[in-house]
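Work through the following exercises with the sequence and the coordinates at hand, and try each task before reading its solution.

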Amino acid sequence: MAKLKVGNGVEEGVVVGSLIEASAVYKVDEHMKDAKAKSGRIVTGSERHALGGNF
């Protein structure tokens with residue numbers, strides 16, 4: 001994932017765009033917390049993207 005270009009999904013070369021809305025960001029965050037609480041292992045990333053917003 002670290003080598004994939006993150007940004008506006010309509011820009012050339014961007015492979016990973018943002019989530020559709022803030023509630024989706026919240027849902028993903030809750031899934032991450034739940035996985036960690038159940039001894040899940042984060043393989044890549046673990047923090048919100050530096051672009052902020054819905055990233």
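**Exercise 1: the lining of the largest pocket**

Task: determine how the residues that line the largest pocket divide into nonpolar, polar and charged.

Solution. In this predicted model, the lining of the largest pocket is made up of eleven nonpolar, seven polar and three charged residues. The space enclosed by the largest pocket comes to about 770 Å³. Of its 21 lining residues, those closest to the centre are Gly-45, Glu-47, Arg-48, His-49 and Phe-55. To place these five in the classes, note that Phe counts as nonpolar, that Glu and Arg count as charged, and that Gly is among the residues counted as polar.

**Exercise 2: salt bridges along a helix**

Task: state how many salt bridges the structure holds, and find which residues are linked in a network of them.

Solution. Begin with the principle that side chains of opposite charge can pair when their charged atoms come close. The structure holds three salt bridges, and they can be taken one by one.

- Step 1. The side chains of Asp-29 and Lys-33 form a salt bridge with an N to O distance of 3.3 Å. These two residues are about one helical turn apart, because they lie four residues from each other in helix α1, which covers residues 22-37.
- Step 2. A salt bridge also joins the side chains of Glu-30 and Lys-33, here at 3.7 Å from N to O. Glu-30 and Lys-33 are three residues apart in helix α1, so that about one helical turn separates this pair.
- Step 3. Since Lys-33 takes part in the bridge to Asp-29 and in the bridge to Glu-30, Asp-29, Glu-30 and Lys-33 are linked in a network of salt bridges.
- Step 4. The remaining pair to consider is Lys-38 and Asp-34, whose side chains meet in a salt bridge at 3.2 Å, N to O.

**Exercise 3: accessibility of the paired residues**

Task: decide whether Lys-38 is buried or exposed, and then classify its partner and the residues of the network.

Solution. The cut-off needed is that exposed means over 50% relative accessible area, buried means under 20%, and partly exposed lies in between. Lys-38, at 61% relative accessibility, is therefore exposed, whereas Asp-34, with 37%, is partly exposed. Within the network, Lys-33 has a relative accessible area of 48% and is partly exposed. Asp-29 is partly exposed at 32%, and Glu-30, with a relative accessibility of 32%, likewise counts as partly exposed.

Notes:
Residues numbered from 1 in each chain as written. Predicted model: local features only at pLDDT ≥ 70, side-chain atom pairs only at ≥ 80, totals over all residues. Heavy atoms only, no water. 1 Å grid on protein atoms, 1.4 Å probe; cavity = no way out; pocket = protein on both sides within 12 Å on 5 of 7 lines; lining within 4 Å. Points joined across faces, edges and corners; volume = space filled by probe spheres on them. Salt bridge = Lys/Arg side-chain N within 4 Å of Asp/Glu carboxyl O. Buried < 20%, exposed > 50% of the residue type's maximum accessible area, 1.4 Å probe, protein only.
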